[in-house]
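Reader: I am in my first year and would like a close look at the empty spaces in this protein, above all the enclosed one. Could you take me through it slowly and then show me what lies around it?

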Amino acid sequence: MIKVVNYLLENCDNQKPSILVLLDLSAAFDTVDQSKLLLILQHEIGIEGVALQWFKSFLCGRTQKVKIRDVHSDEASLDYGVAQGSVLGPDIFKIYVRSLPRHVQSVWFDIFGFADDHQLLKTFLPWFQLTAFREDIQNCFDMISKWMNHFFLCLNTNKTKILIIAPPSLRNQIIINGIFINNKCIRFVSSAKNLGVILDDQLTFEKHILNIVKACFCTIRSLTKLKSYLTYEQLRTVISACIFSRIDYCNSLFYGVNNNLINKLQSVQNTAARLLRKKNGIGHIPLETYIRNCHWLKVKARIIFKICLIVHNSLHGIAPSSIKEYINYNTSTRTLQLIEPTYNGVVGGRRFARVGPKIWNLLPFHIRMECRRDKFKTSLKTYLFTEYERLLERIHEQ
């Protein structure tokens with residue numbers, strides 16, 4: 001998601017509209033050809049001998065049957081598909097579809113994906129939108145259809161979404177609102193869910209954040225009814241698992257969004273803190289103090305924390321290569337500062353390639369030099385507890 005959003009923000013900053021196509025595959029994991037997958041593992045990946053036999057044992061020879069009350073159906077062999085819910089499932093599927101990017105890039109589309117979720121991206125000029133929408137997308141879908149037929153996969157055009165991401169100054173110039181694919185009209189949508197994040201065509205994340213707020217308050221209302229049955233520690237654990245996990249999911253994308261939206265997320269944390277404070281029977285303690293005593297970073301600080309952690313992972317080889325390419329040191333070895341790319345407007349200042357190095361360079365030297373991930377997280381959290389407001393001022397000054 002960082003890669004996709006960075007791509008879109010960079011194009012908007014350069015006054016270039018983008019096409020974002022969210023592909024949806026029908027029963028993708030269930031239609032994998034096991035024999036073809038084993039050939040890919042052997043001839044393309046280079047797995048042989050005992051290791052190949054392990055994969056064959058894992059994939060082949062599975063059966064299934066249906067039980068209705070006490071009656072079982074006959075067993076049927078599973079000649080297609082990979083086991084869902086397994087650790088190997090997503091990785092094996094990614095190996096199976098590894099040739100898709102090569103085919104898509106041949107028709108001048110960029111592609112990013114995880115497991116069976118893939119996104120196609122392409123920039124275009126408004127005065128060439130007819131060519132981009134009618135010819136380029138059609139050629140891309142034709143190429144994908146041929147590839148999928150070869151690998152026994154099926155594209156669900158009914159659930160495939162297309163968004164047009166454009167800077168405000170160019171939005172009025174986009175006059176086409178849909179295209180025909182396989183004789184089916186696909187209308188451009190204003191928002192769509194991608195890997196659990198609702199992307200909108202202006203990258204405000206308003207709909208996504210409001211959806212988080214709604215879900216969290218619903219959970220808090222349920223916890224209010226259940227709190228008498230839980231201990232203080234149990235309630236705190238449930239709040240972290242069911243509420244903070246939602247707030248923190250992909251929150252590195254929220255840097256620079258409207259403050260009113262961030263304040264709504266903060267109100268969720270405040271409400272959860274009040275619930276826990278009441279359970280502890282110490283309602284006289286100010287909310288700010290209580291949140292601090294719980295060792296909870298506020299929402300804005302949690303966003304900064306996540307961004308810095310991703311940069312740290314990138315510098316130490318833990319992050320994916322698609323993210324590591326954004327993080328590079330200056331040629332000067334004396335300062336150990338990261339390169340901060342230039343940008344044209346506010347939108348460009350929100351992208352991770354700019355934000356990550358900018359915030360990292362403002363951290364104290366001893367934190368930036370910490371190699372161990374656990375110690376880095378501890379030092380960073382302590383620093384944000386005491387110096388977050390000052391750090392925020394320094395960020396806004398630059």
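Author: Before we count kinds of residue, a word on the classes: Ala, Val, Leu, Ile, Met, Phe, Trp, Tyr, Cys and Pro count as nonpolar, Asp, Glu, Lys and Arg count as charged, and the others, Gly among them, count as polar. Please keep in mind throughout that this is a predicted model.

Let us begin with the enclosed space. The structure holds one cavity of 30 Å³ or more, and the volume of the largest cavity is about 100 Å³. Its lining is made up of I2, V5, N6, L9, S252, L253, Y255, I307, R350, R351, F352 and V355. If you sort these residues with the classes above, you arrive at eight nonpolar, two polar and two charged residues in the lining of the largest cavity. Two elements, helix 1 and helix 14, each supply at least two residues of that lining, and the largest share, four residues, comes from helix 1.

From here we can turn to the open spaces, starting with the largest pocket, which encloses about 800 Å³ of space. Of the 24 residues that line this pocket, M1, I2, P320, S322 and I323 are the closest to its centre, and you have already met I2 in the lining of the largest cavity. Helix 1, which spans 2-13, is among the elements that supply at least two residues here, together with strand 6 (110-114), helix 11 (299-315) and helix 12 (321-324). Helix 11 gives the most to this lining, with four residues. Sorted by class, the lining of the largest pocket contains 15 nonpolar, six polar and three charged residues.

The second largest pocket holds about 450 Å³ of space. It is lined by 20 residues, and those that lie nearest its centre are Y255, G256, V257, I395 and H396; of these, Y255 is also named in the lining of the largest cavity. The elements that give two or more residues to the lining of the second largest pocket are helix 9 (259-280), helix 11, helix 13 (346-349), helix 14 (352-362) and helix 16 (373-397). Helix 16 gives the most, with four residues, and by class this lining has eleven nonpolar, five polar and four charged residues. When you follow helix 14 in the structure, then, you are following an element that supplies at least two residues to the lining of the largest cavity and two or more to that of the second largest pocket.

With the spaces described, it is worth checking the cysteines as well. Two cysteine sulfur atoms must lie within 2.5 Å to count as a disulfide, and by this rule the count comes to zero. C242 is in no disulfide, since the nearest cysteine sulfur, that of C216, is 9.4 Å away. C242 is partly exposed, with a relative accessible area of 33%. For C294, which is likewise in no disulfide, the nearest cysteine sulfur is that of C242, at 17 Å, and C294 counts as buried because its relative accessibility is 3%.

A last stop is Y80, found in the loop between strand 5 (76-77) and helix 4 (88-96). This tyrosine counts as partly exposed because its relative accessibility is 44%. Leaving aside neighbours within four places in sequence, Y80 is in contact with D30, T31, V32, D33 and Q34.

Definitions and conventions:
Residues are numbered from 1 along each chain as its sequence is written. This is a predicted model: local features need pLDDT of at least 70, side-chain atom pairs count only at pLDDT 80 or more; totals for chains, interfaces and linings use all residues. Side-chain values use heavy atoms; hydrogens and water are left out. On a 1 Å grid over the protein atoms alone, a cavity is a set of points where a 1.4 Å probe fits but cannot get out, and a pocket is an open set with protein on both sides within 12 Å along at least five of seven lines; lining residues have an atom within 4 Å of a point. Grid points are joined across faces, edges and corners, and a volume is the space filled by probe spheres set on the points. Buried means under 20% relative accessible area, exposed over 50%, partly exposed in between (1.4 Å probe, protein chains only). Contact means heavy atoms within 4.5 Å.
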